[in-house]
Amino acid sequence: MLWLIHACGDSTMVKQLKEVLQDGLYNRKFIIGSSITLLFFAMALLSYTWTPHSVEEINIAVKLAKPSLEYWLGTDHFGRDIFSMLIFGARNSVIVAMVAIVIGMGVGVPLGLIAAAKKGWIDETIMRFNDFTFAFPALISAIMITAILGPGSVNSIIAIGIFNIPVFARITRGTALSLWKREFILAAKSAGKGSIQISLEHILPNASNILIVQATIQFALGILAEAGLSYLGLGTQPPAPSWGKMLNDAQTFIHFAPQLAIYPGLTIAITVLGLNLFGDGLRDVLDPKLRRSR
Amino acid sequence: MMPVLEVKDLSVSLHTPRGLVRLISQIDFSLNPGEKFGIVGESGCGKSLTALSIMSLLPANAIMSGEIWFQGKNIQNLTEKQLRRMRGNRISMIFQEPMSALNPVKTIGAQIAEGLLLHLRINKKEAEIRTKQLLDSVGLPVSRFSLNLFPHQLSGGQRQRVMIAIAIACQPDVLIADEPTTALDVTVQERILDLINEIVEDSRMSLLMISHDLGIIAQTTERMVVMYAGNIVESGTTVDVFQSMVHPYTYGLFSAIPKPNRHLHARERLYSIPGQVPEPDARPVGCNFADRCFQVEEICRITPPDMKIIHGQHKVACYRPISHK
């Protein structure tokens with residue numbers, strides 16, 4: 001894989017990326033995690049062009065079929081191809097978790113930056129509001145929000161997005177506060193920069209490592225939350241397949257067709273594990289202190 | 001000639017868990033256009049705090065009294081917006097640690113150009129040309145140093161050169177150098193000091209050099225003050241202070257300089273001033289130096305001495321200045 005990295009150009013962005021990737025090749029967690037994550041994204045993308053069978057194709061004649069060349073992982077109680085549903089479910093999970101992160105970062109990061117920059121009552125207000133949102137267990141608040149807005153994938157995105165906001169606000173504020181004490185921020189102030197400019201030009205780029213790592217963790221949590229909501233029937237609505245929904249359907253047949261539960265369960269577990277490993281590895285690779293010591 | 005910078009009776013106190021602590025008091029000095037001025041004193045005597053007061057960048061829990069006049073304006077009356085226009089543009093500062101005073105994730109080119117784009121009405125293309133000129137003028141020729149380098153790819157001396165380029169980018173009237181060479185080794189220190197000297201003389205800036213090192217002050221300044229425990233104890237032209245120091249503290253500082261040409265016996269120890277600098281919240285009632293002074297008198301412990309003129313510009317805050325006659 002090294003040749004691929006070396007083949008790239010020499011602009012600063014590419015150079016940095018190269019460094020990170022080179023370090024990544026020596027980090028086992030990063031390799032395993034990123035492989036699983038890439039596979040997962042590939043599955044999601046694949047669903048746009050090809051699935052072995054249509055996920056809405058119901059064929060009662062072959063219901064609960066065993067794995068075969070025709071149906072790689074068998075079929076469910078409607079005769080739908082499980083492998084196709086898993087691929088399609090990946091797309092669903094990616095979209096929900098991704099948009100939820102965009103919402104969470106889009107609102108949370110600016111809130112955290114403002115809180116750290118302005119301090120005083122603005123900080124207090126933002127953070128107390130944060131604590132308030134944080135006080136509800138994530139999934140409970142998501143259930144509450146979907147209960148108010150009604151079930152559906154859009155509403156589950158909103159619900160998961162809202163519970164991402166305080167996470168990002170808090171981690172951004174914490175990182176920003178420690179960065180504000182650094183000497184280069186004093187230097188930036190002495191160069192005549194205002195707090196908004198310093199936040200955007202100096203704080204945010206220096207906090208980006210931590211935010212990226214947090215995003216991968218929230219991504220994994222988002223997938224879990226989406227599966228949870230769909231399992232309860234509050235997330236993605238049928239006939240669109242989702243991993244959580246598949247688990248729910250499998251419940252009825254758990255005694256004589258346990259594979260229906262095992263496949264989506266295993267997929268969720270592996271994906272979440274992969275994303276967590278990826279996030280962990282990324283933290284090691286992006287941390288300049290750890291990098292220098294290697 | 002009107003001074004470009006005038007500090008009048010400056011005092012700074014800090015709110016701490018133990019109450020209000022006065023860190024510096026009655027700081028008085030002025031800086032003429034094109035003049036090179038030095039503040040010397042040991043760590044913790046309030047040199048850097050003085051610099052931050054001038055930049056109006058004191059921490060939020062600090063209380064300042066006194067006046068600071070810059071180009072005929074009292075900076076306390078300036079709005080935050082006016083202050084921002086002044087910082088980096090009319091007054092700029094070189095920091096002690098080139099390692100930590102540069103943003104680790106931005107290229108040096110971007111960090112130099114930032115100030116230009118902020119204060120001067122120029123576009124990106126012009127800023128890039130000017131950035132290259134600046135790097136050239138601080139001894140980092142563009143032929144060898146790309147604008148796209150990151151701070152961690154440079155040595156300490158090179159980073160300090162980048163800091164200097166940032167500080168002089170907008171041709172400020174006053175350049176504050178707060179221990180600019182303390183983090184560097186001695187050979188690099190020489191070259192950085194030469195560079196600062198050269199730049200200040202070429203562009204007729206005023207220099208406020210802050211250092212704990214008497215050698216640096218001697219090398220770069222024309223007038224100086226000596227600070228001890230938050231006060232100015234002696235001030236005058238650098239020549240006066242160096243040739244005929246009158247405050248016992250200044251005298252002690254000079255005696256503590258190792259003299260390589262004098263034959264030092266193995267048992268002979270380098271002179272050091274007895275005692276320790278009093279903590280800011282435990283300073284004595286009278287003269288701050290009384291407890292360590294070799295010619296302390298009763299009055300020294302009762303009321304702090306005022307600055308009095310020895311001759312010309314040479315002033316001292318001492319009841320019994322050392323006589324050189």
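Start by selecting B:Met93: at 4% relative accessibility, this residue counts as buried. The model you have open is a predicted one, and this methionine is a good place to enter it.

**Stop 1: around B:Met93**

B:Met93 sits in strand S6 of chain B. Now add B:Ala167 to the selection. The two residues are 74 apart in sequence, yet their C-alpha atoms are 5.9 Å from each other in space. Which residues is B:Met93 in contact with, once neighbours within four places in sequence are left aside? From chain B they are B:Ala51, B:Leu52, B:Met55, B:Met163, B:Ala167, B:Ile176 and B:Asp178, and A:Ser190 joins them from chain A.

**Stop 2: B:Ile176 and the largest core**

Stay with one of those partners, B:Ile176. Setting aside neighbours within four places in sequence, its contacts are B:Ala51, B:Ile54, B:Met55, B:Ile91, B:Ser92, B:Met93, B:Ile94, B:Leu208 and B:Ile210. B:Ile176 is also among the residues with the most contacts inside the largest nonpolar core, a set of 94 residues. To see the others in that group, select B:Phe29, B:Ile54, B:Val138, B:Ile164 and B:Leu208. Which helix gives the largest share of this core? Colour helix H6 of chain B, residues 186-202, which supplies 7 residues.

A second core, separate from this one, has 39 residues. To find it, select A:Val109, A:Leu113, A:Ile198 and A:Ile268, which are among its members.

**Stop 3: the largest cavity**

Next, look for enclosed space. The model has 3 cavities of 30 Å³ or more, and the largest of them holds about 230 Å³. Which residues lie nearest the centre of the largest cavity? Select A:Ala187, A:Ala188, A:Ala191, B:Gln111 and B:Ile166, out of a lining of 22 residues. Four elements each bring at least two residues to this lining: H8 of chain A, and from chain B strand S6 (91-94), helix H3 (108-119) and helix H5 (156-168). Strand S6 is familiar by now, as B:Met93 lies in it. By class, the lining of the largest cavity has 12 nonpolar, 8 polar and 2 charged residues.

**Stop 4: the second largest pocket**

Keep H8 of chain A on screen and move to the second largest pocket, with a volume of about 920 Å³. Its lining has 24 residues, and those closest to the centre are A:Lys119, A:Lys189, B:Leu58, B:Pro59 and B:Ala60. Helix H7 (153-180), helix H8 (183-190) and helix H9 (195-231) of chain A, along with helix H2 (80-86) of chain B, give two or more residues each. Which element gives the most to this lining? H8(A) does, with 4 residues. Colour the lining by class and you will find 11 nonpolar, 4 polar and 9 charged residues.

**Stop 5: the second largest cavity and H9 of chain B**

Back in chain B, select B:Pro248, B:Cys287, B:Cys293, B:Cys300 and B:Cys318. Among 13 lining residues, these lie nearest the centre of the second largest cavity, a space of about 90 Å³. Its lining counts 10 nonpolar, 2 polar and 1 charged residues.

B:Pro248 also leads you to helix H9 of chain B, residues 248-255, which is mostly covered, with 6 of its 8 residues buried. Show B:Pro248, B:Tyr249, B:Thr250, B:Gly252, B:Leu253 and B:Phe254 to see the buried ones. They pack against helix H7 (214-220), strand S9 (223-228), strand S10 (231-237) and helix H8 (238-243) of chain B.

**Stop 6: two positive phi angles**

Most residues other than glycine have a negative phi. Two residues of chain B are worth a look here. B:Ala229, in the loop between S9 and S10, has a positive phi of about 45 degrees. B:Arg204, in the loop between H6 and strand S8 (206-211), has a positive phi of about 55 degrees. Is each buried or exposed? B:Ala229 counts as buried because its relative accessibility is 1%, whereas B:Arg204, at 71%, counts as exposed.

**Last stop: A:Ser34**

Finish in chain A with A:Ser34, in helix H3 (residues 28-49). Its relative accessibility is 15%, under the 20% limit, so A:Ser34 counts as buried. Show its side chain and the backbone of A:Phe30: a polar side-chain atom of A:Ser34 lies 2.6 Å from the backbone oxygen of A:Phe30.

Terms used. Residues are numbered from 1 along each chain as its sequence is written. Chains are lettered from A and ligands numbered from 1 in the order in which they are written. This is a predicted model: local features need pLDDT of at least 70, side-chain atom pairs count only at pLDDT 80 or more; totals for chains, interfaces and linings use all residues. Side-chain values use heavy atoms; hydrogens and water are left out. On a 1 Å grid over the protein atoms alone, a cavity is a set of points where a 1.4 Å probe fits but cannot get out, and a pocket is an open set with protein on both sides within 12 Å along at least five of seven lines; lining residues have an atom within 4 Å of a point. Grid points are joined across faces, edges and corners, and a volume is the space filled by probe spheres set on the points. Ala, Val, Leu, Ile, Met, Phe, Trp, Tyr, Cys and Pro count as nonpolar, Asp, Glu, Lys and Arg as charged, and the others, Gly among them, as polar. Buried means under 20% relative accessible area, exposed over 50%, partly exposed in between (1.4 Å probe, protein chains only). A polar contact is a pair of N or O atoms within 3.5 Å; within protein, one must be able to donate a hydrogen and the other to accept it, and residues adjacent in sequence count only if both atoms are side-chain atoms. A nonpolar core is a set of buried Ala, Val, Leu, Ile, Met, Phe, Trp, Tyr and Cys residues joined through side-chain atoms within 4.5 Å. Contact means heavy atoms within 4.5 Å.
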